[in-house]
Every structure is written in C-alpha cells, then in structure tokens.
Amino acid sequence: MTSTSSPINDVLESLLGRFGPLTTSTFRGQTRVVVQPDALFEVLSFLKDSGFDLLVDVTSVDYLEYRGAPHRYGMVYLLASTETGQRLTLRVFLDDPNPCVPSVVSLWEGANWLEREVWDLFGIRFEGHPDLRRLVMPEEFTAHPLRKDYPMQGRGERHNFPIITRDHS
Amino acid sequence: MALELPENIVVSKLDELASWCRKNSLWPMPFATACCGIELMATGASKHDLARFGAEVFRFSPRQCDLMIVAGRVVMKMLPVLQRIWLQMHEPKWCISMGACASTGGVFDTYAVVQGIDRFIPVDMYVPGCPPRPEQLIQAIIDLQDKIQREGTINGREFNTQNRQATKRALIGDFEGVSLDASRNPLIQRRFIDRTSGNQPVFGTGEIV
C-alpha cells in the first residue's frame, strides 16, 4: 500500500535532496533509510524538524558471522510522527575498533537510557552523552554481553561472589 | 520413689521445647523474584493456607524473619542483595530454595543468572518444580519443621558444624583440598561417566562455566 503523495515520501524526497543519495528500502509499508555515521546527527535533527518528533527506540544488532554482512554493528533508530502516525527506521552501520555514534540526547531526552542500554550490552560509544554508564548490568561488569563473541554462559562473572556460610552470621 | 505427675504435664528437654516453639512459628522472608513468587503467594493465601503450619506471617524486613524463601531466579546483580538480606536476618534462621531456578539456575544457563543460590548462601531445603505447586512448598516447610525439631539447639550450635556445610558448598574453588569444580575434579567426573559408551563426558575447556 503505497501512495506517491504521502507525507513520508515528501520527507524522504527532501531528505535525499539535502543529504545526497541514501540507501532506502520499503518493506510492507515500513520505510528504512541507511545513513553514514558522520551524517547521523544532522539527519535525525532534520527528521525531527520534519515531523518525526518521537524517538521510539534506539537499539543495535551485532552482525558478527552473519552471512554476507559487510559491517559488524548495525544501529537502529525507530522514529514516529505523532501527527500522522507514520514510522521511519534509520540504520547506521559501524565497525570495530571503537564503534561510535553521536548521542541524540540533545534532540530527545528519552534517548538517554536507550543509549546507555546499547552502550552496556553492545559497547557502542555515544559521543556527547551526558552520563554514559551501564544501565542493566552491574557497574563492575567489564564485558558487553550481547556481542556475539561474548560466551553465552559468561566468563565466570556469575560465580564471582563471596561464599557465605553459616559461620558468617 | 517415682514422682506422680498429672496427665497434662509433659517432661521434655529445653532444646526440644525451644525447637518445638521455633518450628511452629516460622516467619518467612519472601525473596520472590519470578513466577515461583506467585505460587508462594498462593501458598500463603486462603486456599492453601500456610497459617495451618504456623508460617503465615510474611515479613518484608529481614530483622523480623527466620525463614528465607528464595522463590525464582537470582541474577548476578541481585545476588549481593540476597546475601545482604540473609546476613541481616537473625539466628536461628533457615533457607528454602524454591523451584528449579533458585536451586540450579533452571533453564537460564546464561551469563547473568546464578546457577543455584546454594553456591553462595546456605540452603536447608530444596523444592523441585517449575514452579512448584503450593503443596510442594508446604511439604518442604513440614520437612523443615521436622529438621528444626531434630537438629535445633537453644544456642544454635547446629549451625556451626562443618558437616552441615560440606554438602552444599560452592561448586567452584577448593573445599578441604578437593576441587569442587566438576571440570577439574576426577571424583565428580567419575560419577558422570556415560554408561552406554564408557567415555568421559566433556566438561568444557577448564574455564569456569
């Protein structure tokens, strides 16, 4: 179900007009745009001003050993428009070492914890984040456990606790 | 010259009297983290009525409790909390590990989930099940009452014996010179020899798993 005059196509046209050729694709009415890391902040800022005012989610995918994947990490930004209800997916691909993207907390305050979660679990740095600490794992944790090269059963962290016997109490 | 006692007088030992009082007024500390907690609530509610066994007073302050019921999986971020609450409870105190996750980690064999709380705190009673039915938890409490009656002393000497500790120490590290990590301990490995092929099972690469 596509109509050429829908607002999302207008936004896409002006986006392409301003930022040059970007890879776009549509699947079952869901539009996806791939941008370069250095253009990410400007694109998101532009989209926010163009009506996509709600940041639904920030998450990431590790494509290690994924068939045919040219990059290691893929960031996912899900945007929505509270006026038209339309949605837009933004993808950014990153590589080791030092995968890093600009933080969007200055655009959406709600990105704060979302970016902290991605940093915690994938180890992707967010430049300019006001408080880039771990969110779900304990502070003393050193690894980023959702990376595909992290062993499922951990590296012994879950056994690294003092043993309390009856004599302690 | 036997002393004539009326029928309503029972002669006992002070230890047994204290144990009898303790076992019939357990105050549980509900450490409920998952679906086992729902069964724990059902156990305390009117249908299964834990009050029949004197253990209905769930308290959320460890200072007021003497029975910790760990119901549900414990993740590594929660374990320091669990240990702290256990240390805050006064002696005499007991611990029930309720359900597969609290006892062994259950199906959650991942980096975040502790593979059995008995590795890090003492456990008196294990309840199998996923989650256990309230009847099973009640059975565990009845068994624990028997244990308290059997072992209890008024000054808690039973909690200091090494024998009581030995069987439920952490599965890693050394205990009295014997490695308790299955991948490094031939005594434990011998118990798990594959009966059909006779081969030694693989326990991983020596890393702690």
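In this predicted model, the secondary structure of chain B amounts to seven helices and six strands. Read from the N terminus, the elements of chain B follow the order α-β-α-β-α-β-α-β-α-α-β-β-α. Chain B has 209 residues, of which 32% count as buried. Among the contacts in chain B with a separation of 6 or more, 71% are made by residues 24 or more positions apart.

A good place to begin exploring chain B is its open sheet, in which four strands are arranged in the order β1-β2-β3-β4 with parallel pairing. The edges are formed by β1 (28-32) and β4 (125-127) of chain B, each of which pairs on one side only. On average, and with direction ignored, neighbouring strands of this sheet are turned by 15 degrees against each other.

Two pairings show how β2(B) is held within this sheet. Strand β2 (residues 67-71) of chain B runs parallel to strand β3 (residues 94-98) of chain B, and five bridges join them. In this pairing, B:L67 has B:W94 of β3(B) as its bridge partner. Helix α2 (residues 36-44) of chain B packs on the sheet, where it touches β1, β2 and β3 of chain B, and its direction makes about 150 degrees with that of β1(B). Helix α5 (residues 134-151) of chain B also packs on the sheet, touching β3 and β4 of chain B; the angle between its direction and that of β4(B) is about 165 degrees. On the other pairing of β2(B), five bridges connect it with β1(B), and these two strands run parallel. Here B:A32 stands opposite B:A71 of β2(B).

The surroundings of β2(B) deserve a closer look. Five of the five residues of β2(B) are buried, so this strand is largely enclosed by the rest of the structure. In a regular strand, side chains alternate between the two faces of the sheet. In β2(B), B:L67, B:I69 and B:A71 point one way while B:M68 and B:V70 point the other way, and all of them are buried.

Helix α3 (residues 79-88) of chain B has B:L79, B:L82 and B:W86 among its buried residues. These three lie on the same side of α3(B), because they cover an arc of only 55 degrees around the axis. An α-helix has 3.6 residues a turn, so residues three or four places apart point the same way. The elements that cover the buried residues of α3(B) include β1 and β2 of chain B.

Several of these residues come together in the largest nonpolar core, which has 38 residues; B:L67, B:M68, B:I69, B:V70 and B:M98 touch the most other members. At least two residues of this core are supplied by each of β1, α2, β2, α3, β3, α4 (99-104), β4 and α5 of chain B. For B:V70, the contacts beyond its neighbours within four places in sequence are B:F31, B:L82, B:C95, B:S97, B:M98, B:A102 and B:I117. There is also a second, separate core of 27 residues, which includes A:V33, A:L44, A:L55 and A:V101.

Turning to chain A, five strands form an open sheet in the order β1-β2-β5-β4-β3, and the pairing is mixed. The edge positions belong to β1 (23-27) and β3 of chain A; each has a single partner strand, so one side of each is left without a neighbour in the sheet. Neighbouring strands of this sheet are turned by 20 degrees against each other on average, direction ignored. Within the sheet, β4(A) pairs with strand β5 (residues 87-94) of chain A in the antiparallel sense over eight bridges. In this pair, A:L79 stands opposite A:L88 of β5(A).

Two helices of chain A can be placed against this sheet. Helix α2 (residues 40-49) of chain A packs on the sheet and touches β2 (30-35), β4 and β5 of chain A, its direction making about 175 degrees with that of β5(A). α3(A) packs on the sheet as well, touching β3 and β4 of chain A, and its direction makes about 5 degrees with that of β3(A).

Helix α3 (residues 111-122) of chain A has twelve residues and reaches 16 Å from its first C-alpha to its last, close to the 16 Å expected at 1.5 Å a residue. This helix is mostly covered, with nine of its twelve residues buried. Among the buried residues of α3(A) are A:L114, A:V118, A:W119 and A:F122. The buried residues of α3(A) pack against β3 (54-62), β4 (73-80) and β7 (125-127) of chain A. After α3(A) comes A:G123, whose phi is positive, near 75 degrees.

Technical notes: Residues are numbered from 1 along each chain as its sequence is written. Chains are lettered from A and ligands numbered from 1 in the order in which they are written. This is a predicted model: local features need pLDDT of at least 70, side-chain atom pairs count only at pLDDT 80 or more; totals for chains, interfaces and linings use all residues. The expected span of a helix is 1.5 Å times one less than its number of residues. A residue is buried if 20 or more other C-beta atoms lie within 10 Å of its own, exposed if 12 or fewer, and partly exposed in between; C-beta atoms are placed from the backbone. Two residues are in contact if their C-beta atoms, placed from the backbone, lie within 7 Å. Two strands pair if DSSP finds at least two bridges between them. Axes are lines fitted to C-alpha atoms, for helices over the stretch in contact, and angles run from 0 to 180 degrees between N-to-C directions. The arc is that of the directions from the helix axis to the C-beta atoms. A nonpolar core is a set of buried Ala, Val, Leu, Ile, Met, Phe, Trp, Tyr and Cys residues joined through C-beta atoms within 7 Å.
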